[in-house]
2 protein chains.
Amino acid sequence: MKRNRISIKDISKALGLSNTTISFILNGKAEEMRISAQVAERVLAYVKEVGYTPNYLARGLVTGKTNTIGFIVENIGNPFFSQIASLIEEQAYNNGYKIIYSSTNGQTEKAVELIRMFRDRGVDGYIICPTEGLEDEIKQLREENRPVVLFDRYLPKIDSHYIGINNENAMYEACRHLANKGKKHIALITTDSQQTQMLSRLEGYKKLIKERNLNEYILYIPYRERKERLLSDFEEFLKKNPMIDSVCFATNYLAVGGLEVMRHRKIKIPTKISVLAFDDNEALRLFQPAITAVEQPLEDMAKLIIDRLLVDLKLGKVTDKTFHKELSAQLILRDSTEKA
Amino acid sequence: MKRNRISIKDISKALGLSNTTISFILNGKAEEMRISAQVAERVLAYVKEVGYTPNYLARGLVTGKTNTIGFIVENIGNPFFSQIASLIEEQAYNNGYKIIYSSTNGQTEKAVELIRMFRDRGVDGYIICPTEGLEDEIKQLREENRPVVLFDRYLPKIDSHYIGINNENAMYEACRHLANKGKKHIALITTDSQQTQMLSRLEGYKKLIKERNLNEYILYIPYRERKERLLSDFEEFLKKNPMIDSVCFATNYLAVGGLEVMRHRKIKIPTKISVLAFDDNEALRLFQPAITAVEQPLEDMAKLIIDRLLVDLKLGKVTDKTFHKELSAQLILRDSTEKA
DNA sequence: CTGAAAGCGCTTACAG
DNA sequence: CTGAAAGCGCTTACAG
C-alpha cells in the first residue's frame, strides 16, 4: 500500500502545532483540553480541506477499540440469518459500529477458528449463533472480558447473554391451534440436532400432544445430511403414517423441502393435511395455499441484541449478571391451516 | 481491553531471542533467513504452548495489509445478495481473506461512506455492487491502487473490473421462449432505475419485441417506492392491458410482489398469463405453478470475483487492463410458461 | 492552553 | 545465523 495518505504528523507540521493538539481536536476533546476555539477551527477546516481521515488500525492498536462487531451465523445464505443480519447491520451502523460476519455452517471447528480470527483482528464484541461444543471458547471470551451475545440458541452449560424467542411456547401454541381445528394426528418434522431452540420446539410439541392425549408422530432428519435425507425420509414417513392430518415443520429449510415433497405427491393442503412452519418467509407466503407460520420478531431481536452488546461495550467489561431474554413469536394464520 | 495477551516481546524475552528472529520464524521466513531448525522448532513449540496469535492490527499497521475484503451489496437481506455473499465468503475464506460487508440500500451517500469506512480500516480489496453516482469514488480507489471488482452492474462512465451476466441476452432468450410458445402480448415489469443490469434486461426485451413485431407493454415501478407502488401499479397495469398473455419480472422482488397480486386477483398461470422471473429462488420454485426463471451462475460469479480480486491483490496494484466478464445465465423452464 | 515523548505490537532494512 | 533500532499512525499521561 502506498504511504500516500495524510497523517496527523502531516497536519501538525503543516499547521505548526503538535500531534497532541491535533489528536485532541479530532477526538472532540478540544473544549475539555481548553484548546482555543480559533485553533480548533483552523485544524478542523484544514482537515476537511485535505480530506484527512484517521487510520483505524493505528487507533485500534493504541485504544484497543476497533468499533467492529464480529457476527457469527450458521449460514448467511439462509433467509432467517440474512434478514436478521440486515437488521443488525443497520442497528450497529446507527451506533457507529461495523459488522464483520462469517458463517460456521454448523461446524464447531469453523466456529472456533472464526472466534479466534475475530479476536486477532480486535473486534470489540461478538454476536454468535453458537454451534454445539462451543462452550469453552465462549467462556474464555467472557473471562477475557470480551462482550458476547448469543442468539437463536444458547449453551445450557455456560452463562452468557442470550436473546431468542420462547420456542417451546411458540411451538405449543402453533400445535394447539391445529388441535383446536380438530386435528387428531399432528406430526412434527424436525432435526436430530441438540440445539436448544430445536429441543424447545420439540418440547412444545410434546407438551401439547400429551395435554390432548394424542399420538406423537415425529420425524428426525439428520442435521448433517438434511439436504439428501429430507425428501426421501419425509416421503416415506408420510406413507407409513397415512392417518396424519397435519404437519409442523420445525425450521425453515425443512418446510421448503417438505412442501416440495407434498406438492410432488399432490397432497391437498389443507384438505388432506394442514401445514404449519416455524420461521416465516416469502416462499411460505407465496405458496398456494399460503402457509401458516410462526414469525420471529426479527426487528426486536436485532435491537435487543445490539442494545445488550452496547451496554457491555460502553461498560468496557462483561457484566457478571447475564441477560437471558426470550421474546414471543407470533403465529401468522394463513390458508394452509384454516380451510379444513 | 486488557493487555493480557502475549506479544512477540514476551516470547523473545522468555526464549532469550530477539523479536526479529521470532517474527521471521512466525512468518515462515526461517529458512530464508537461515535460522537454525532447532531454534525455529523451539519457538514454534513455545508459541503453540502459550497459544500466541499475532495482533493483526499491529501487523496491518506496518505491512499495510489486513487480509480483509470489503464487500458492498445493495441489501444483504435480499436472497440474491445473501446467496452470493455466502459463496464469496467461502471463496475468500479458502484464500485466507475475511469479508467485512455492508449494505447501501441503493443510497449513493451510504455507499460513499462505506467505501471510506473500509479504507480507513485498511481493507485490502473491494467487491462492490455500485449505486448510480459512485463513479468518482471508484475512480479514486483505482488511482490509489486499491483493487476493486464491481459485480451485478457496472458504471459505464469509468473503467473497472466487472463481473456479471449477459443480461440483455438472458432477457432476450427468456422472452424468445415466450414468443416461441405463441405469446403475442408479452409484458415487462421493471424499475425505473438506470442501473446497467436493468437497462440491459430492458434492451433484451425490446430487441425480441421488435424482432417479432410485437407490441411493447412495459411497466416501470419507481425504484425508490417499489414497496408501496408495486402492488397497486401492477394491478392497474393488468386492468388497463387485458390482452397481456405473459409477464416477465425483471428482478426478484418484483416477481414476488407481482405473484402476490396475481394470486390475489386469481389470475390463472399459465392458462391466462404465463410468468417468467429474473433471478431464481425458493419462493419461485415452490410457487404453484412453479415459475420459470433466469438463474444466474452464482457460484461461478463468486469464484471469478475472488479470483480476479486475488490477481490484483497479489500483484499489489491495480492492473490497468480492466477485466469485463459477462457470464451466461440459464433459463430454468417450469410450469408457469409450459402448460399454456 | 500546548508540546515532547513513550508506547501500542508488529515488520524489516541494516549491520555484524 | 541473529539482533538493535527505526517506524507504521495513532493516543495519552506528564509537564509546563
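A polar contact is a pair of N or O atoms within 3.5 Å; within protein, one atom must be able to donate a hydrogen and the other to accept it, and residues adjacent in sequence count only if both atoms are side-chain atoms. With that in hand, here is one such pair: a polar side-chain atom of Thr20(B) lies 3.2 Å from a base oxygen of DNA strand C.

Before going on, some ground rules. This is a predicted model, where local features need pLDDT of at least 70 and side-chain atom pairs count only at pLDDT 80 or more, while totals for chains, interfaces and linings use all residues. Residues are numbered from 1 along each chain as its sequence is written, chains are lettered from A and ligands numbered from 1 in the order in which they are written, and side-chain values use heavy atoms, with hydrogens and water left out.

Let me stay with DNA strand C. A residue is near a strand if one of its heavy atoms lies within 4 Å of it. Which residues come nearest, of the 28 around DNA strand C? They are Thr20(A), Thr21(A), Arg34(A), Ser23(B) and Tyr52(B). Of the strand C atoms that come within 4 Å of the protein, 68% belong to sugar and phosphate.

Two phosphate contacts are worth finding on the screen. A backbone N or O atom of Ser18(A) sits 2.9 Å from a phosphate oxygen of DNA strand C. On the other chain, a polar side-chain atom of Arg59(B) is 2.9 Å from a phosphate oxygen of that strand. Helices H2 (19-26) and H4 (56-63) of chain A, and helices H2 (19-26) and H4 (56-63) of chain B, are the elements that give two or more residues to this surface. When I say helix or strand of the protein, I mean a DSSP run, H or I with at least four residues for helices and E with at least two for strands, numbered from the N terminus. H4(B) gives the largest share of the surface near DNA strand C, 5 residues.

As for classes, Ala, Val, Leu, Ile, Met, Phe, Trp, Tyr, Cys and Pro count as nonpolar, Asp, Glu, Lys and Arg as charged, and the others, Gly among them, as polar. The surface near DNA strand C then has 13 nonpolar, 11 polar and 4 charged residues.

Next, DNA strand D. Of the 28 residues around DNA strand D, the nearest are Ser23(A), Tyr52(A), Thr20(B), Thr21(B) and Arg34(B). Sugar and phosphate make up 67% of the strand D atoms within 4 Å of the protein. What lies 2.8 Å from a phosphate oxygen of DNA strand D? An N or O atom in the side chain of Tyr52(A). The backbone takes part as well: a polar backbone atom of Ile8(A) is 2.9 Å from a phosphate oxygen, and one of Ala58(A) is 3.5 Å from a base nitrogen of DNA strand D. The largest share of this surface, 4 residues, comes from H4(A). By class, the surface near DNA strand D holds 12 nonpolar, 11 polar and 5 charged residues.

Arg34(B) comes up again for its backbone. Its phi is positive, about 55°, although Arg34(B) is not a glycine. It is placed in the loop between H2 and helix H3 (37-50) of chain B.

Now H4(B) itself. At its start, a side-chain oxygen of Asn55(B) reaches to within 2.7 Å of the backbone nitrogen of Leu57(B). After H4(B) comes Gly64(B), with a positive phi near 75°.

Then helix packing in chain B. The axes of helix H1 (residues 8-15) of chain B and H2(B) come within 9 Å and cross at roughly 110°. Axes here are lines fitted to C-alpha atoms, for helices over the stretch in contact, and angles run from 0 to 180 degrees between N-to-C directions. H1(B) is therefore roughly perpendicular to H2(B); angles under 35 degrees count as roughly parallel, over 145 as roughly antiparallel, 65 to 115 as roughly perpendicular and the rest as oblique. Ile8(B), Lys9(B), Ile11(B) and Ser12(B) of H1(B) make the contact with Asn19(B), Ile22(B), Ser23(B) and Leu26(B) of H2(B), contact meaning heavy atoms within 4.5 Å.

Last, a loop in chain A. The peptide bond from Ile269(A) to Pro270(A) is cis, with omega near -5°. Pro270(A) is in the loop between helix H11 (252-264) and strand S9 (274-278) of chain A.
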